[in-house]
Amino acid sequence: APAIHRADYQAPAWWIDTVDLTFDLDPAKTRVLNKMRLRRNPDVAAQPLRLDGEALNLARVMVNGGGTSFKMDGNQLVLENLPEGAEPFDLEIFTTCAPAKNTQLMGLYVSQGTFFTQCEAEGFRRITYFLDRPDVMASYAVTLRADKAQYPVLLSNGNLVDSGALEDGRHFAKWVDPHKKPCYLFALVAGKLVAREQKIKSRSGNDHLLQVYVRPGDLGKTEHAMNALMHSVTWDEARFGLPLDLERFMIVATSDFNMGAMENKGLNIFNTKYVLASEATATDTDFANIESVVGHEYFHNWTGNRVTCRDWFQLSLKEGLTVFRDQEFSQDLAGSPSARAVKRIEDVRVLRTAQFPEDAGPMAHPVRPDSYIEINNFYTVTIYEKGAEVVRMQHNLVSREGFAKGMKLYFERHDGQAVTCDDFVQAIADANPLSPLAQHLPQFKRWYSQAGTPRVRATGHYDAATRSYALTLSQSCAPTPGQSEKQPFVIPVELGLIDASTGAALPLQLANEAGAVTTSRVVVLTEASQTLTFTNLDAEPVPSVLRGFSAPVVLDIEYTDAQLLTLLAHDADAFNRWEAGQRLALRTAIHAIADSEQQTGAHGRFDRNILSPEFVEAMRSVLRNPALDAAFKELVLTLPSETYIAEQLDVVDPQRIHAVREAMREQLALSLQPDWAWAWEQHQDTGGYRPDPVSSGRRALSGLALHMLCIAAQRAGDGVWPGKAYQRFKVAANMTDRFNALTALVASGSELAAPALARFHTLFKDEPLVIDKWFALQAGAPDRAGNVLPTVRQLLQHPDFSLKNPNRARSVIFSYCSANPGAFHRADAAGYVFWSDRVIELDALNPQVAARLARALDRWKKLAEPWRSGAREAIARVAARPDLSNDVREVVTRALA
Ligand code: B3K
Ligand code: ZN
């Protein structure tokens, strides 16, 4: 398939004003009657009408009620003899499709006997012939007809205007969406579902009905999602003045879904994973994810639906902005400054472990890409998470109030339109003409056009004679595919200075600067290199740079261990405090990996301690510090991931990284044993379960403590803690504690792991989302003498396994290939062969999911031998298949380039 280029964008030659769809729903053969009113776009030169279609059977085409000539050009239906002139005309197209055979889960499909749709990005063309592009916005009326007993609930976008009985036990429902929308926001659902309902009144006094539809047995697990939805409605009105614009807002859950959820107008469709929760079946992380995904989809109603994308290159216009909004929503709900910081650290961790590698690998692309072959491959962490960071920088450059003003202007200008990333930044800047954003606007936009993660180098020099400290910040950005030269970015760097002996925050007095002096400020770096000179300093300070992770960059700064220990103990910025601990651990890991003296013994373990006594002591102080929250402690005491460590190295030996990190963990487990025992005892739940940040932080820390105690016990051959973990596993009052105990047993290699896993399966055999966890835990377990791959192969044979269900496929295959580097990167390349088989197998069923899996080897060029050659062969094996989807073809072609 040819690449599509942003520069080739042209406005549509035709507009579709109204669409009237009638569905006769049948799993084997659904009939779709599509009546459209079209007119020529007077601004574009006359040309034939080309409608997109895919996997459709065309039965009839009529213009203004009569027959017409048409031809097919590939997948497109081409109409050349349409009425001349500006007058609108009617086009009627009758097609059929086969939802039961739709394993791609794009377009109209059946999941457990219920019909669902997924149209973004280009699924609507699998339902009917259409101008399947986001800048064509139409008014929709939809009539659904189906067997009443099998499909009692019939839903589509907007308001229900009519319903009733038909002959032969069938019935119908007619829905009208009062808002114009692009076709990717169309949805229908038909099946046996029940709803939790909630009436709310908005600030403006309007009544709305909120509904969460699930399968009958799942109603008891919808309370949290409904609460999250109510919070979302309130939050968007309070923070941005954006009200709910519909009488009825529906969420429907399905267990067969390619991604997390979809923001169809008024009818969000969700993966059950992001709706269903009870304390018995869902972990704290699940509860938090549900809150943020419900928020995300709801916030799309304004950022995505009311104002949508002109073309798919502008995807981050809605996704980056909406991720920013859901991150802010979660922080605002979390409340305390400490809980906000924890959320920020978690978000940055995702960015650095997933997006930074993407930005440094073969799939690197700008936040606003210049070309793609398959748009589904560009729903990436760059578009979403880096896009959110780019919005966050704008927010910080214009202030919270300034950003709210900018959003207001954005909607005043563009409500009801399909627009570009440029339009968004322009509105934020225009509403804040004196801000650094407006001042550096053209340069700031490079964040949208240049791929790659910038590096900022910070070097400090203290001059005792002048009592001044010069901090030089310089930036660079490595080439990425298709972009060899990079221009300097606008990089907001928040910084502070700390007294090296007392840890106190120092006033930031710039030379020749009058006015109030603060202890934290933002410097906007625009040049390749800039130097700031701070005065009135009695001794060399410790710089705290990039506070709160104020820009999505890598910060190179040469700290001494003592400086990092000072920051870890005293930095007023919680992010940099955590970061100091991560830097200490990272440098220790990197030294141990590089140090040829540090040999692993025959048992694959390191023979001597890797962590310095100072580091261990610092970790003990954090753990015991009464002024810190449990959630924050858990983050500090968690070592950087193997993936993050690998990104810091030019040549990656995945086994050595794994061995070093395991040895570091074991040392932390052994040397802090009494402290872990204390942490476990002190952070037990009292009272009922609540998924709030404080109590979930306590569970996270006690879970980590139990894990460490089991690791230590396993090393010492002591059965006490595994026994306690098993007991906790049995009696736990919630899934978080139960799953943490099970993880501790499995990950420490305890003999009690097998009976616990068996018991867990028996207990939860009727809970698919819990069985996903059961699969994922085993596929993600630490490797012992190559045992994980055989386990994974067995899991694929398990009666509960199905490759067709994306959640299940992800729980086994992705957990192994993408989230378990120590087990996946085998010297015999068997992990890679397994990967290539699964990519090929999945591609025949579901190209979107297959292409995600295909990305597991993105970073193969960094691998040392023999892994590098093994990985290249496996990718080449996939690429050699003649029948690949565009999705997988694009990923493997780029990987080999
Ligand atoms: N907009 C959808 C993602 C659609 C993915 C299509 N391959 C969900 C979201 O970002 O909210
Ligand atoms: Zn989104």
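How many bridges join strand β20 to β22, and do the two run parallel or antiparallel? Five bridges join β20 (residues 248-254) to β22, and the strands run parallel.

This is a predicted model: local features need pLDDT of at least 70, side-chain atom pairs count only at pLDDT 80 or more, and totals for chains, interfaces and linings use all residues. Residues are numbered from 1 along each chain as its sequence is written, while chains are lettered from A and ligands numbered from 1 in the order in which they are written.

**Strand β22 and its partners**

Some terms come first. Strands (E, at least two residues) and helices (H or I, at least four) are DSSP runs, numbered from the N terminus. Two strands pair if DSSP finds at least two bridges between them. Strands of a sheet pair through backbone hydrogen bonds, either parallel or antiparallel.

β22 spans residues 267-271. Five of its five residues are buried (20 or more other C-beta atoms lie within 10 Å of a buried residue's own, with C-beta atoms placed from the backbone). L267, I269 and N271 point one way. N268 and F270 point the other way. In a regular strand the side chains alternate between the two faces of the sheet.

β21 pairs with β22 in the antiparallel sense over two bridges. These two strands form a hairpin with four residues between them. In the turn, G266 has a positive phi of about 70 degrees.

Here are the bridge partners of three residues.

| Residue | Bridge partner or opposite residue |
|---|---|
| I251 | N268 in β22 |
| A261 | F270 in β22 |
| T472 | T531 in β31 |

**Around ligand 1**

Which elements each supply at least two residues of the shell around ligand 1? They are β21 (261-262) and α2 (284-299). The residues around the ligand include A261, M262, H296 and E297; a residue is near a molecule if its C-beta atom, placed from the backbone, lies within 6 Å of it. The shell divides into five nonpolar, three polar and four charged residues. It draws at least three residues from each of domain 1 (4-275) and domain 2 (308-449). The domain bounds come from an automatic or database domain assignment.

**A second sheet**

Four strands form an open sheet in the order β31-β27-β26-β33, with mixed pairing. The edge strands are β31 (529-534) and β33 (554-557), and each pairs on one side only. Six bridges join β27 (residues 468-476) to β31, and these strands run antiparallel.

Conventions: Nonpolar A, V, L, I, M, F, W, Y, C, P; charged D, E, K, R; others polar. Buried ≥ 20, exposed ≤ 12 C-beta atoms within 10 Å, placed from the backbone.
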